[in-house]
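These are my notebook entries on one structure. I looked up one thing at a time and wrote down what I found.

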Amino acid sequence: ESGITRPKGYNVSFHCNPEMEKHHFGVTHPMKPWRLTLSKSLIYSYGMSFAMDNYVSRAATYEELADFHSTDYLDFLGTVLPEPVPRDVENQNPDLKFNLGGSDCPLFEGLYDYCSMSAGSALDAARKICAKQSDIAIAWGGGLHHAKKAEASGFCYINDIVIAILELLRHHPRVLYIDIDVHHGDGVEEAFFSTDRVMTVSFHKYDPNNFFPGTGALDDNGPKNEQNPGAHHAVNVPLNDGITDEQYDMLFNTIISRIVEKFRPSAVALQCGADSLAGDRLGRFNLQVQGHGACVEFCKRMNLPLILFGGGGYTPRNVARAWTYETSIAIGCQDKISDVLPQHTPWRDQFRQETLFPTLEQILGEPRQNKNPPKRLQEIVNHVSEQLRFVQA
Ligand code: ZL4
Ligand code: CA
Ligand code: ZN
């Protein structure tokens, strides 16, 4: 009766693990795994589960994590115990190993399980794509793009995206990675710095001194030396506060079209970090649910196997709105879902406005000042076009 039906000849799979959502980084930490529960409950309230293959994903094994991460790091991650009093930055222990235990990457109860479950859902999504059993595979519990081979960083401990892309590379000659989280996708970029089989593209707020992680300048395009096939295969789109749906859409469509033309990927991995939305606790942009979703719509229209990952997103009600709308785009039922949230939605009062698409004024009161002049956006497009002259499929 919701009118949402399974798309014909098209498979969407949904990979999650309810156990993952029960973990806590600490009461005041911005990362709330519970946002995954809120998102899923809204997706189910709209009746979308009947139009997808729903899987409870398993936890990734040690060997699967070791595909990317060093065993020294994994062994330590598997044995560290939660600290009774979390350390803050001013009070960091000098013996802090692998960047574990600071205020960004605290040690909490069940940390290793949480990490292996996130990676398990991403890896299951990649395997469904490789087996051609899914056209789009969704893993909202993944997308933890800052984790390094032997280091935790920015709320990320295990890089589920890198592990999933390594799986895609077993069956696909070239993979395009796109990252619309407000932060730079540094961990994924670095992991594939020396291969021409993965092209990474990150759109992010860039301010080297005042915004994490401080990398991702326009001309950081991979180590340029004769021996490196990966040179020119990292695209960075550094942005300023307040960018709007219209501007972001123009940049995304222009840049991604040109990349696809030159690089000819056979699969696409899209990190859908929802901290690029207006009103995010850590974000700086003016994107609405529609503009964020337009990126997913654009990727779907490329007609290539697609994985959707989660990522950042620190105002849970808006995270749930974005990932619900994006799930509907994957299914192709976006025109059938009502703007008014279903009456029976659990935690309906959490959403403040009762709509899926609140206006900027409803979200923010006063929109953030837009510090992205058209001239700068043109410079970015020009730089990327120049860069792509060095890229060949
Ligand atoms: C918090 O309130 O910019 C952590 C982190 C914990 C609880 C109480 C501790 C108070 C904001 C952030 C001290 C907090 C000090 N608590 C945090 C350089 C920094 C060192 C740590 O979306 N302090 C580091 C990481 C970023 C820094 C962003 C985005 C992940 C993703 C993918 C990661 N780190 C300065 C900040 C709080 C906290 C409040 C915080 N941390 C905001 N930005 C950061 O890309 C998932
Ligand atoms: Ca990004
Ligand atoms: Zn982020």
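With which side chain does the side chain of Gln334 make a polar contact? I found that the partner is the side chain of Glu297, at 3.0 Å. A polar contact is a pair of N or O atoms within 3.5 Å; within protein, one must be able to donate a hydrogen and the other to accept it, and residues adjacent in sequence count only if both atoms are side-chain atoms. I placed Gln334 in the loop between helix H9 (316-331) and helix H10 (360-364). Helices (H or I, at least four residues) and strands (E, at least two) are DSSP runs, numbered from the N terminus. Gln334 is buried, with a relative accessible area of 18%. Buried means under 20% relative accessible area, exposed over 50%, partly exposed in between (1.4 Å probe, protein chains only).

Entry on the model. I noted that this is a predicted model, in which local features need pLDDT of at least 70 and side-chain atom pairs count only at pLDDT 80 or more, while totals for chains, interfaces and linings use all residues. Residues are numbered from 1 along each chain as its sequence is written, chains are lettered from A and ligands numbered from 1 in the order in which they are written, and side-chain values use heavy atoms, with hydrogens and water left out. The chain averages a pLDDT (the predictor's confidence in each residue, from 0 to 100) of 96, and 97% of the residues score at least 70. I copied down ipTM 0.99 and pTM 0.97.

Entry on the calcium ion (ligand 2). I listed its protein donors as Asp179 (O), Asp179 (OD), Asp181 (O), His183 (O), Ser202 (OG) and Phe203 (O), lying 2.5 to 3.1 Å from the ion. Donors are N, O and S atoms within 2.8 Å of the metal (3.2 Å for Na, K and Ca); water is not among the atoms, so sites may look incomplete. Two of these donor residues link distant parts of the chain: Asp181 is in the loop between strand S4 (175-179) and helix H6 (186-191), and Ser202 is in strand S5 (residues 198-205), 21 residues apart. Asp181 is buried at 1% relative accessible area, and Ser202 is buried at 4%.

Entry on the zinc ion (ligand 3). Which protein atoms are its donors? I found Asp181 (OD), His183 (ND1) and Asp275 (OD), lying 1.9 to 2.0 Å from the zinc ion. Asp181 and Asp275 link distant parts of the chain, 94 residues apart, with Asp275 in the loop between strand S7 (267-271) and helix H8 (289-301). Asp275 is buried, with a relative accessible area of 0%.

Entry on ligand 1. I checked the 21 residues around ligand 1, of which Thr28, Asp104, His145, His146 and Tyr314 come nearest. A polar side-chain atom of His145 is 2.7 Å from an oxygen atom of the ligand, and for His146 I also wrote down 2.7 Å. An N or O atom in the side chain of His183 lies 3.1 Å from an oxygen atom of ligand 1. The protein covers 69% of the 830 Å² of accessible area that ligand 1 has on its own (Shrake-Rupley method, 1.4 Å probe).

Entry on helix H5. I counted 8 of the 9 residues of H5 (residues 160-168) as buried, so the helix is largely enclosed by the rest of the structure.

Methods. A residue is near a molecule or strand if one of its heavy atoms lies within 4 Å of it.
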